[in-house]
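Welcome, and thanks for opening the viewer. Keep your selection tool at hand, and we will go from stop to stop together.

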Amino acid sequence: DICRQLQRQSTTSRESLAKIMAAIAPQSIGLPENSSNIVFVGPCGSGKSSMLAKLATEFVFHRKQKVTLQTLDNFRPGAEEEITNLTEILDLVVETNGHKSKPRPISHHLIDTTGVVLGDHSGRELLESELSSIHNRFTVLVLALTTGWTNIRHYIEFARPLGIDAVALTQLDATDSCGTVLNLAVGDYPPLLCLSDSRLPNAVIYDFNVEVCLDKLIGGESVE
């Protein structure tokens, strides 16, 4: 469909391709504006804990909102300590020059979870049961782009029973990852929440942008 639309253009250019892609791809979904329980799910090693840390920092630093943190990960060593350390760090950064800034009365509870392997139905059902008691839930599926498109597609379908509201992608700098991003953007999948170049906690997160993906996917100025 994209190729047919390009063929109908009088001239083939990066701008015309970006315009077609922008019309097909849905807008990124934003973070919840009202108080909510934001849950991070996904496979082991996808960057769930790092994404939680990045979004917690976004709420505290930029939105001046209060966050509380929790982990349901009873499998990975150090998961509880990681959440405790992050809580202490965020409490410190709220203080500025000895005066505490007053966050808005919006509070988000961010929850990390145990990674579930693709095809582990018992693990998914256990997590589904744990999440069923969490009300006002916004569930983020975190996926690493080092995984091939076929496995990512299969995992999204596998994770649908968890009630996925949005997808967050890490390691955008991985080879050939942007084709996957565009596949997600134009397909019948949960909307993209944000992307990050790396799984590292200090990596920047940003909204989905067609131009950025085209730059990484195509490389040059010509699309002929």
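Before we click on anything, one cut-off will help: a residue is called buried when its relative accessible area is under 20%, exposed when that value is over 50%, and partly exposed in between. Please also keep in mind that this is a predicted model.

**The whole chain**

Start with a cartoon view of everything. You should find eight helices and nine strands. Buried residues make up 45% of the 224 residues in the chain. Now switch on the surface: the chain exposes about 11,900 Å², and carbon and sulfur atoms supply 51% of that area. Among contacts with a separation of 6 or more, 78% join residues that are 24 or more positions apart.

**Stop 1: Arg-63 and its partners**

Select Arg-63 and show its side chain. Is Arg-63 buried or exposed? Its relative accessible area is 18%, which is under the 20% cut-off, so Arg-63 counts as buried. Side chains of opposite charge can pair when their charged atoms come close.

Add Glu-33 to the selection. Glu-33 and Arg-63 form a salt bridge, with 3.8 Å between the closest N and O atoms. Glu-33 sits in the loop between helix 2 (14-24) and strand 1 (36-41), while Arg-63 sits in the loop between helix 3 (48-62) and strand 2 (65-71), so this pair ties together parts that are 30 residues apart in sequence.

Next, add Glu-58. Glu-58 also makes a salt bridge with Arg-63, and here the closest N and O atoms are 3.6 Å apart. Glu-58 is partly exposed, at a relative accessible area of 22%.

**Stop 2: Glu-157 and Arg-160**

Move along to Glu-157 and Arg-160. Their side chains meet in a salt bridge, at 3.1 Å from N to O. Both ends are partly exposed: Glu-157 has 41% relative accessibility, and Arg-160 has 34%. Looking back to the previous stop, shared partners join Glu-33, Glu-58 and Arg-63 into one network of salt bridges. The count for the chain comes to three salt bridges.

**Stop 3: Val-210**

Now select Val-210, which lies in helix 8 (residues 210-218). Val-210 is buried, with a relative accessible area of 11%. Which residues does Val-210 touch, not counting those up to four places away in sequence? Light up Ala-18, Met-21, Ala-22 and Ala-25 to see them. For a distance check, pick the C-alpha atoms of Val-210 and Lys-19: they are separated by 8.8 Å, although the two residues are 191 residues apart along the chain.

**Stop 4: helix 7**

Select residues 177-186, which make up helix 7. Seven of its 10 residues are buried, so helix 7 is largely enclosed by the rest of the structure. To see the buried ones, colour Ser-177, Cys-178, Thr-180, Val-181, Leu-182, Leu-184 and Ala-185.

**Stop 5: the second largest pocket**

Finish at the second largest pocket, which holds about 220 Å³ of space. To find it, select Gly-45, Lys-48, Ser-49, Asp-73 and Arg-76, the closest to its centre of the 16 residues that line it. Which helix gives the largest share of this lining? Helix 3 does, with three residues. Colour the lining of this pocket by residue class and you will get two nonpolar, eight polar and six charged residues.

Key: Residues numbered from 1 in each chain as written. Predicted model: local features only at pLDDT ≥ 70, side-chain atom pairs only at ≥ 80, totals over all residues. Heavy atoms only, no water. Helix = DSSP H or I, 4+ residues; strand = E, 2+ residues; numbered from the N terminus. Buried < 20%, exposed > 50% of the residue type's maximum accessible area, 1.4 Å probe, protein only. Contact = heavy atoms within 4.5 Å. Areas by Shrake-Rupley, 256 points an atom, 1.4 Å probe, with all protein chains shown as cover. Salt bridge = Lys/Arg side-chain N within 4 Å of Asp/Glu carboxyl O. 1 Å grid on protein atoms, 1.4 Å probe; cavity = no way out; pocket = protein on both sides within 12 Å on 5 of 7 lines; lining within 4 Å. Points joined across faces, edges and corners; volume = space filled by probe spheres on them. Nonpolar A, V, L, I, M, F, W, Y, C, P; charged D, E, K, R; others polar.
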